[in-house]
Amino acid sequence: MMNKGVDVTSLRVVRGGRLVLDDLTFEVAAGQVTGLLGPSGCGKSTLMRAIVGVQRITAGTVRVFGEPAGSASLRRRIGYVTQAPSVYDDLTVAENLAFFARVLGVGADRVEECVRLVDLVEQRSQVVGRLSGGQRSRVSLAVAMLGDPALIVLDEPTVGLDPVLRKDLWETFHRLAAEGAAVFVSSHVMDEANRCDRLLLMRDGRVIADDSPAALLERTGAADIETAFLDIVAAAEVDR
Ligand SMILES: Nc1ncnc2c1ncn2[C@@H]1O[C@H](COP(=O)(O)OP(=O)(O)OP(=O)(O)O)[C@@H](O)[C@H]1O
């Protein structure tokens with residue numbers, strides 16, 4: 001049986017009077033990297049907010065490891081990285097991590113582990129404000145990893161990164177999944193789809209496909225995920 005990390009049933013979210021998530025039902029498994037792909041504005045960030053428990057939901061349920069999303073008991077078990085870097089520019093890499101480690105009540109040894117995890121050992125004493133965009137993103141990722149989370153939610157973590165760094169980060173996500181974490185990553189870059197074990201394709205607040213990349217390609221007969229996505233969108237329009 002699939003080991004469930006996240007279980008979403010009939011989720012609807014209205015923001016500013018507009019239906020942003022429309023009747024979503026899916027699961028995110030532990031031990032896998034699940035990609036959330038879809039065009040800008042389709043509702044990816046809103047869905048991630050609902051999973052980490054910071055989004056008011058209109059209807060349906062979101063459970064994480066069997067608990068309602070947002071439960072206090074889940075706080076330490078979830079690592080969430082938003083699109084905006086949430087670290088202090090005037091502190092060094094190590095000082096940032098030490099600060100958040102104190103907030104979480106985790107030890108100094110974990111700080112060093114997380115610095116190594118995101119490959120910032122050489123930069124550990126540099127002020128974050130003087131790092132590159134990609135290095136700064138990795139500091140946020142390291143902060144999210146401090147509590148050794150069982151669910152890692154990453155909102156477009158590879159935006160603005162060069163191809164080498166992107167590859168490194170995806171390898172990190174797979175290493176974390178291999179250690180048992182449920183890794184949920186959003187992207188609007190379709191060529192990142194092949195790096196996921198499973199894909200949720202979203203459009204206009206709906207999940208239009210939920211499958212492995214290989215199964216999606218086989219089902220549509222498309223040569224790449226972008227074409228498969230367009231085929232699925234076209235088929236959904238015909239069904240309407
Ligand atoms: N605070 C808000 N009030 C009202 N509508 C909002 C609010 N925040 C987002 N929306 C709307 O909800 C929809 C989904 O936004 P969301 O940020 O979830 O999309 P996204 O897929 O993450 O986009 P992107 O890839 O550009 O980050 C958009 O149409 C957006 O305009």
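Trainee: In this predicted model, does Asp204 count as buried, partly exposed or exposed, and how many C-beta neighbours does it have inside 10 Å?
Mentor: Asp204 is found in the loop between strand E9 (198–203) and strand E10 (206–211). A residue is buried with 20 or more other C-beta atoms within 10 Å and exposed with 12 or fewer. Asp204 has 15 such neighbours inside 10 Å, so the class is partly exposed.

Trainee: What is the phi of Asp204?
Mentor: Asp204 is a residue other than glycine, yet its phi is positive. The value is near 45°.

Trainee: Which residue in the loop between H4 and E7 has a positive phi although it is not a glycine?
Mentor: The phi in question is about 55°. The residue has 16 C-beta neighbours inside 10 Å and therefore counts as partly exposed. It is Asp148.

Trainee: Are the residues on the two faces of strand E7 (residues 151–154) buried or exposed?
Mentor: In a regular strand the side chains alternate between the two faces of the sheet. In E7, Leu151 and Val153 lie on one side, and Ile152 and Leu154 on the other. Both faces are covered, and these four residues are all buried.

Trainee: Which residue of E8 is the bridge partner of Leu151?
Mentor: E7 pairs with strand E6 (residues 78–81) in the parallel sense over 4 bridges, and there Ile78 stands opposite Leu151. E7 also pairs in the parallel sense with strand E8 (residues 182–187), again over 4 bridges. In E8, the partner of Leu151 is Ala182.

Trainee: How do helix H2 (residues 93–104) and helix H4 (residues 133–145) cross, and what is the handedness?
Mentor: The axes of H2 and H4 come within 10 Å and cross at roughly 25°. Angles under 35 degrees count as roughly parallel, so H2 is roughly parallel to H4. The handedness of the crossing is right-handed.

Trainee: Which strands stand at the edges of the open sheet of 4 strands?
Mentor: The order in this sheet is E2-E1-E4-E5, with antiparallel pairing. The edge strands each have a single partner strand, so one side of each is left without a neighbour in the sheet. They are E2 and strand E5 (67–68).

Trainee: Which residue of E2 stands opposite Val6?
Mentor: Strand E1 (residues 4–15) is joined to E2 by 8 bridges. The two strands run antiparallel. Opposite Val6 stands Val28.

Trainee: Which element gives the most residues to the shell around the ligand?
Mentor: Strand E2 (18–29) and helix H1 (44–52) each supply at least two residues of this shell. The most come from one element, which gives 3 residues. That element is H1.

Trainee: How many residues of the shell around the ligand are polar?
Mentor: The ligand has 13 residues around it, and those that come nearest are Gly16, Ser40, Lys44, Ser45 and Thr46. By class, 2 residues of the shell are nonpolar and 3 are charged. The polar residues number 8.

Trainee: How many of the 9 residues of H1 are buried?
Mentor: The buried residues of H1 are Lys44, Leu47, Met48, Arg49, Ala50, Ile51 and Val52. H1 is therefore largely enclosed by the rest of the structure. The number buried is 7.

Trainee: Which residue just after H1 takes a positive phi?
Mentor: The phi at this position is about 90°. The residue is Gly53.

Methods: Residues are numbered from 1 along each chain as its sequence is written. This is a predicted model: local features need pLDDT of at least 70, side-chain atom pairs count only at pLDDT 80 or more; totals for chains, interfaces and linings use all residues. A residue is near a molecule or strand if its C-beta atom, placed from the backbone, lies within 6 Å of it. Ala, Val, Leu, Ile, Met, Phe, Trp, Tyr, Cys and Pro count as nonpolar, Asp, Glu, Lys and Arg as charged, and the others, Gly among them, as polar. Two strands pair if DSSP finds at least two bridges between them. Axes are lines fitted to C-alpha atoms, for helices over the stretch in contact, and angles run from 0 to 180 degrees between N-to-C directions. Angles under 35 degrees count as roughly parallel, over 145 as roughly antiparallel, 65 to 115 as roughly perpendicular and the rest as oblique. A crossing is left-handed if the near helix is turned anticlockwise from the far one by less than a right angle, and right-handed if clockwise.
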